[in-house]
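User: I am new to this structure and would like to learn how to read it step by step. Could you take me through its features one at a time, with the general idea before the case at hand?

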Amino acid sequence: MTTYLFTCQACGQEIEINGPMREAILSSGCPVCTESVDAAAFEQE
Ligand SMILES: [Zn+2]
């Protein structure tokens with residue numbers, strides 16, 4: 001499965017995630033601070 005590194009621009013949190021989690025974060029925001037995020041916050045590993 002594809003793994004991504006999510007880096008929140010607002011709180012600086014870095015989280016390793018998979019594709020479905022990426023979709024969830026894109027729609028509901030950062031799981032730590034709830035700031036909305038865009039596709040640029042994800043790096044494919
Ligand atoms: Zn955050």
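The dialogue below goes from the overall fold to the metal site, the core and a few single residues.

User: Which helices and strands does the protein chain have, and in what order do the elements run?

Analyst: Please keep in mind that this is a predicted model. A useful start is to list the elements and then follow them along the chain. Here the secondary structure of the protein chain comes to one helix and three strands, and from the N terminus on the elements run β-β-α-β. As for extent, the C-alpha trace spans about 25 × 20 × 15 Å along its principal axes.

User: How do I read the sheet, and which strands stand at its edges?

Analyst: One asks for the order of the strands and for the sense of their pairing. The three strands form an open sheet in the order 2-1-3, and the pairing is antiparallel. Strand 2 and strand 3 stand at the edges, each with a single partner strand, so one side of each has no neighbour in the sheet. From one strand to the next, the twist averages 30 degrees.

User: How many bridges join strand 1 to strand 2, and how many join strand 1 to strand 3?

Analyst: Strand 1 and strand 2 pair over five bridges, while strand 1 and strand 3 pair over three bridges. Leu 5 is a good residue on which to see both pairings, for Leu 5 stands opposite Glu 16 in strand 2 and has Glu 43 as its bridge partner in strand 3. When you look along any strand, remember that in a regular strand the side chains alternate between the two faces of the sheet.

User: Where does helix 1 lie with respect to the strands?

Analyst: For a helix and a sheet, one looks at which strands the helix lies across and at the angle between directions. Helix 1 lies across strand 1, strand 2 and strand 3, and runs at about 120 degrees to strand 2. Arg 22, whose place is in helix 1, touches Tyr 4, Ile 17, Ala 39 and Phe 42, not counting residues up to four places away in sequence.

User: Why does Arg 22 count as buried?

Analyst: Burial is judged by relative accessible area, and the cut-off for buried is under 20%. Arg 22 counts as buried because its relative accessibility is 18%. Over the whole protein chain, buried residues make up 29% of the 45 residues.

User: Which atoms hold the zinc ion, and what is the geometry of the site?

Analyst: To read a metal site, one names the donor atoms and then checks the angles among them. The protein donors of the zinc ion are the SG atoms of Cys 8, Cys 11, Cys 30 and Cys 33, lying 2.3 Å from the ion. The angles among the four donor atoms are 104 to 115 degrees, and the site is tetrahedral. Along the chain, the donors follow the spacing C-x2-C-x18-C-x2-C. Within this set, Cys 8 and Cys 30 link distant parts of the chain, 22 residues apart: Cys 8 is in the loop between strand 1 and strand 2, and Cys 30 is in the loop between helix 1 and strand 3.

User: Are Cys 8 and Cys 30 buried or exposed, and which residues make up the largest nonpolar core?

Analyst: Cys 8 counts as buried because its relative accessibility is 3%, and Cys 30 is buried as well, with a relative accessible area of 2%. The largest nonpolar core has nine residues in all, including Cys 8, Cys 30, Phe 6 and Val 37. Leaving aside neighbours within four places in sequence, the contacts of Cys 30 include Phe 6, Cys 8, Ile 25 and Val 37.

User: What is notable about the phi of Thr 34, and is Thr 34 buried or exposed?

Analyst: Most residues other than glycine have a negative phi. Thr 34, found in the loop between helix 1 and strand 3, has a positive phi of about 65 degrees although it is not a glycine. Thr 34 counts as exposed, because its relative accessibility is 60%. A glycine can be looked at beside it: Gly 12 takes a positive phi near 80 degrees in the hairpin of strand 1 and strand 2, which has six residues between the strands.

User: Where is Thr 2, and what is it in contact with?

Analyst: Thr 2 is in the segment before strand 1 and is partly exposed, with a relative accessible area of 34%. Leaving aside its neighbours within four places in sequence, Thr 2 is in contact with Ile 17, Asn 18, Gly 19 and Gln 44.

Notes: Residues numbered from 1 in each chain as written. Predicted model: local features only at pLDDT ≥ 70, side-chain atom pairs only at ≥ 80, totals over all residues. Heavy atoms only, no water. Donors = N, O, S within 2.8 Å, 3.2 Å for Na, K, Ca; no water. Tetrahedral: all angles 85-135°; square planar, octahedral: opposite > 155°, others 65-115°. Helix = DSSP H or I, 4+ residues; strand = E, 2+ residues; numbered from the N terminus. Buried < 20%, exposed > 50% of the residue type's maximum accessible area, 1.4 Å probe, protein only. Core = buried A, V, L, I, M, F, W, Y, C linked by side-chain atoms within 4.5 Å. Contact = heavy atoms within 4.5 Å. Pairing = 2+ DSSP bridges. Axes fitted to C-alpha atoms, helices over the stretch in contact; angles between N-to-C directions.
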